[in-house]
Amino acid sequence: MSSAGPHFVIISAVTGRILGFVFATLLVRGDALDDAVSQWGKKIVSHLATDEIAHVTWNGAVTENAESAAYAARAKTLLARALQRRPRNPKAVEIRVTLSRNLKGYLLIAEMHRENENIVEMTSFARPIPIPETATGFRLDRRLLWEQEVPILDVIVMGDQMLVLDTAGIVRYEQRDSNWQKAEAVVMDTPPVRDPRGRLTVNENSLTAEAAGVTCRGTWKLSIAIDCQPGGRFTAGRNTIEESRWQPYFTRAEIGGDHVVGASDGRTYVYDAAHKQLSVSDAWSDLAVVPNSCAGPKIIAANSSTNSLAIFDLLNHSPVRVSDSMEVPGPATAIWPTGSAALVVVRNKDTNRYEAYSVAVDCGR
Amino acid sequence: MKPTALPWIAAASLLLAVVILRAESRPRYGGTLRVEMSAALSTLDPAEIPSDPVALEAKARLVPAVFETLVRLDESGRPQPWLATSWTHDVARKRWVFTARPHVRLHDGMIWTPAAGSLEVGDDRPIEQILREMARPWSAIVVHEADGTLIGTGPFRVARWEAGKAATLVANEGHWKGRPYLDSIEIQMGRYLRDQTQDQQLGRADVTDAPVGTTDGASDETRTEQTLALIFDTPRSAPAMREAVALSIDKVAIRRVLLKGHGDISGALLPQWMSGYAFLFDGKRDVARARQLATGSAPLTFAYDRQDAVLRSIGERISVNAMEAGIIMRPGNGVADVRLVMIPVTSRDELAALADIAVVLKAPFSFSAAPYEAERTLLDGFHAVTLFHLARNWSLAPRVRSWPDLPNVWIGQP
C-alpha cells in the first residue's frame, strides 16, 4: 500500500493528476478522517486490558482504487498513533481492520475476537464529491460560464454583465475583480413543470424571458423591470412549442434548407421546406444549429444515454456525426443557439448542480 | 431449474436489455401505464405498514406517488427538503420547526397549509434520526376527508381503488414540481406471475413482476435490491435448530446453478454496497456443525412461493440441504414454521431500510441504534437467515422509460 503525500512517485502525467487529486482530497478531508480515526482508536483501546497491545492486520481487499488506498494509508498511520502504548510484558491482541465503502462514504471497521465474542468497532467518514476531469482534444470546444444548484434555463453574457434565467426567475450578475457578483434577482411566478425550459432574449435594453406558460417582457439595464403575462411560446405544463403546420415540438432549427425538429414524441425529424418528412432518428435528446466560419452551420446535439455532445451534419437529409463525442458530467437539460456557439446546460450527476457551458465548433485549424 | 422458468427469464432479459440499450430523448407527456403486480394491497393509507414483504415492497413504491413526506432521501440516502423547505430550532431550542413549502396543493385543489404555517417536532433525539423517520413513506402527509377518503399532495391522485384488485392513479395537474409525464397508471393487483407474463407477452401490460434473479440490476445509485431469506415464524424451532438450518444451506451451489450466477451470497440483511459492513455477517456452510446442532430436532413445515419457478427450486434445494444435516422441512400450507421470502430493501438509508425489515420480521426496532448494531439485533437468534441479495426485477415493455421512478416515468417509442 502506498503512503500519502510527499512519498508519492510521479510515474506519468495521468498518474500524477490522479494522485494530485487524491492528495488534494486528503487535505480537504483530512480533519474528518483524523477526527474519525481518533475517536475510533479510543473505542478500540477501551477493549484492551492495561497489559495488552493491538496487533493490527489490514484487510486490503476493499482498497481497490487510488482514493481508498490513500485513505487507508492515512488511516493506518493515524490508527497506529492512536493505539500506541508501551506496557511491560505486553500481550498482543489480534485486530483485523478493513476500509470499506457504502453509499454515503467510507467505513473503518475493526474486528477483535475475544473469549467466544466478536467485538466490532467502526467509524465512518463522508466520501468527497469527485472533481470532474477536464476534457481535452475534442473538436467541440466548451467553456464553463456559470454553475449553481437551481436549474439553469438560459444564460446570456454581455461584456461585464450576465443574465441567468433559472426556475426561480432572472438574476443579473456583474463582473467585479474577475468574479461574477450578484447584482439583483427578479422572481418570475411560473407554473411548475417537471421538465423546465426557458429562453432569454435581449435586444439593447429590452428583455424577454419565456418559460412554460408565461412570458415576461421589460428592460434590464441598470435594473431589471419586467411584466409577466400568461401564455407565450412554451405550452404550460407540457413545455412544447406549438406552431401552425408543425406537430408540437421541443426545438426546431433550419440547416441547409431542411428543418430539424426535436418532436414531443422524443424523436428527431428532418423535413424539407415543404414540410415533407425526410428522415427520423432516436439518437438525440436536444440540439441546436450553430453557424461556423469554416464549414457552414453544424448541429450540436446531446445524447443523454451517454451524457455526451457531438457535432452533426446532414448528409442526404439524415444526421451524420462529424466529430468525436465530448463527454459532459451529466445529462444536457437545455441547448440553445447563442451567436456562433451553443449554450448547453448540464446537470452534473456528481455534484447535482447545473452547469452552463458555451460550446463552439472548433475547426481544428 | 424447471424448464417453465426459462421463457420467462428469456423474455424478461430481452425486454430489460432493450430498455437499457435505447438512447434516451427528452421526456414525453401523456399516456397510460399498465402495471400488473403480485401484491394485493387493501389500502394505500401510509399509516398501515404491511408485514407481508410483497405488499410492503409494492406499497413503499406506490405511496410516495400519492402521498408526500416533509423530507426525502436522495440517491445516497441523505435527507433532502421535500414538503418542508427548511428546519431550524425554536427559540428555546426544545423543538425543531419545519417550514412548509408554499404553493403546495392537495388533490382536492386546496392549498396545503399546516396550522401556523409550520410543523414542529420535539428535539428529543438527534435531528438525523428525526429526518430519517420523517423520510419514510409511512410518515407522509395525509388528509382524511369526511367520507373516509384519503388525499395527499403527490404527483398522482387515486381516482379508483378496489381493495386488493385494481387501482387507477391519475396525474395531479397542480403538483408543485409540475405534473407527472404520465396521464394515468392502471394497476392490477394480486395477479399470478404466469398471468402477468402472459399479459406482458400479449401487449396487455407494460410493467409486470419478473422472476427473481434474472439480472444483476443497475449501478449502486439506481439499483433496487431485495434480500432472499428464511424467516422462522413459530416458536416450534429452537435457536440451535434455526442455526443448524442456516449452516446447512449450500448457498454457493444455489447461486451457481439455480440463480445462474446472479445475486450476492450474504449473511446480512442489507447488501454490502449499501451498508459497507455486510461482510461481517458470516454465512458459510458447515454441515458437520449443523448436524450437531440439529440432533433430535422435530420436523418443520416450510412455505415458499411455488408460482415462481426459481423460488420453488431454491425452496426444494434448501429442504434437501437441511435433510443432509438431519432436519426435515416439509412443504406446509397456511402458517408454516419457516418461510422463504423476498424481503424488500425499501430505503437507501440503512436504518430506514432495517426498520421496514423489522416490520416483516415482526421484531422491535429502534432508530437510536447504529446501523450495524440494529442489524445484528435483528439477526440475533436466527429468526431470520439471510441467503442472497438480488436485484429487484421487472419485465418492462420497450416503450416504458425511467421506471421505477413513477413521477418521472414516461411512454416513449416502442
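## Helix α10 of chain B

In this predicted model, the buried residues of α10(B) are E350(B), L351(B), A352(B), A353(B), L354(B), A355(B), D356(B), I357(B), A358(B), V360(B) and L361(B). That is 11 of the 12 residues of α10(B), so the helix is largely enclosed by the rest of the structure. Burial here is a matter of counting neighbours: a residue qualifies if 20 or more other C-beta atoms lie within 10 Å of its own.

If you like to check helix geometry, α10(B) spans 16 Å from its first C-alpha to its last, close to the 16 Å expected at 1.5 Å a residue. Just after the helix comes K362(B), which has a positive phi, near 55 degrees.

## How α2 meets α10

Which helix crosses α10(B), and at what angle? Helix α2 (residues 53-66) of chain B does, with the two axes coming within 10 Å and crossing at roughly 145 degrees. The crossing of α2(B) and α10(B) is right-handed.

On the α2(B) side, the contact is made by P53(B), L56(B) and A60(B), while α10(B) brings D356(B), V359(B) and V360(B). Sorted by class, this contact has 5 nonpolar residues, 1 charged residue and no polar ones. A general point about helices may help when you look at such a contact: with 3.6 residues a turn, residues three or four places apart point the same way.

## Helix α5 and what covers it

Another mostly covered helix in chain B is α5 (residues 239-248), where 7 of the 10 residues are buried. These are M241(B), R242(B), A244(B), V245(B), A246(B), L247(B) and S248(B).

What covers the buried residues of α5(B)? The cover includes two helices, α8 (287-294) and α9 (309-324), and two strands, β13 (225-232) and β18 (384-391), of chain B.

## The mixed sheet of chain B

Those two strands, β13(B) and β18(B), also belong to an open sheet of 6 strands with mixed pairing, in the order β14-β18-β13-β17-β15-β16 (chain B). The edges are taken by β14 (264-265) and β16 (329-331) of chain B; each has a single partner strand, so one side of each is left without a neighbour in the sheet.

Within this sheet, β13(B) and β18(B) run antiparallel and are joined by 7 bridges. To find your place in that pairing, look for A229(B), which stands opposite T386(B) in β18(B).

## Chain A and its antiparallel sheet

Turning to chain A, there are 25 strands and 2 helices. Of the 365 residues in chain A, 35% are buried. Counting contacts in chain A between residues at least 6 apart in sequence, 47% join residues at least 24 apart.

One open sheet of chain A has 4 strands in the order β14-β15-β16-β17, with antiparallel pairing. Its edge strands are β14 (249-255) and β17 (277-281) of chain A, each pairing on one side only. On average, and with direction ignored, neighbouring strands of this sheet are turned by 20 degrees against each other. The antiparallel pair of β14(A) and β15 (residues 258-263) of chain A is held in register by 6 bridges, and I255(A) has D258(A) in β15(A) as its bridge partner.

## Where the chains touch

How many residues does each chain bring to the contact? Chain A gives 30 residues and chain B gives 29 residues. On the chain B side, the largest share, 3 residues, comes from helix α7 (residues 272-275) of chain B. By class, the side of chain B that touches chain A has 11 nonpolar, 9 polar and 9 charged residues.

Definitions and conventions:
Residues are numbered from 1 along each chain as its sequence is written. Chains are lettered from A and ligands numbered from 1 in the order in which they are written. This is a predicted model: local features need pLDDT of at least 70, side-chain atom pairs count only at pLDDT 80 or more; totals for chains, interfaces and linings use all residues. Two residues are in contact if their C-beta atoms, placed from the backbone, lie within 7 Å. Ala, Val, Leu, Ile, Met, Phe, Trp, Tyr, Cys and Pro count as nonpolar, Asp, Glu, Lys and Arg as charged, and the others, Gly among them, as polar. Axes are lines fitted to C-alpha atoms, for helices over the stretch in contact, and angles run from 0 to 180 degrees between N-to-C directions. A crossing is left-handed if the near helix is turned anticlockwise from the far one by less than a right angle, and right-handed if clockwise. The expected span of a helix is 1.5 Å times one less than its number of residues. Two strands pair if DSSP finds at least two bridges between them.
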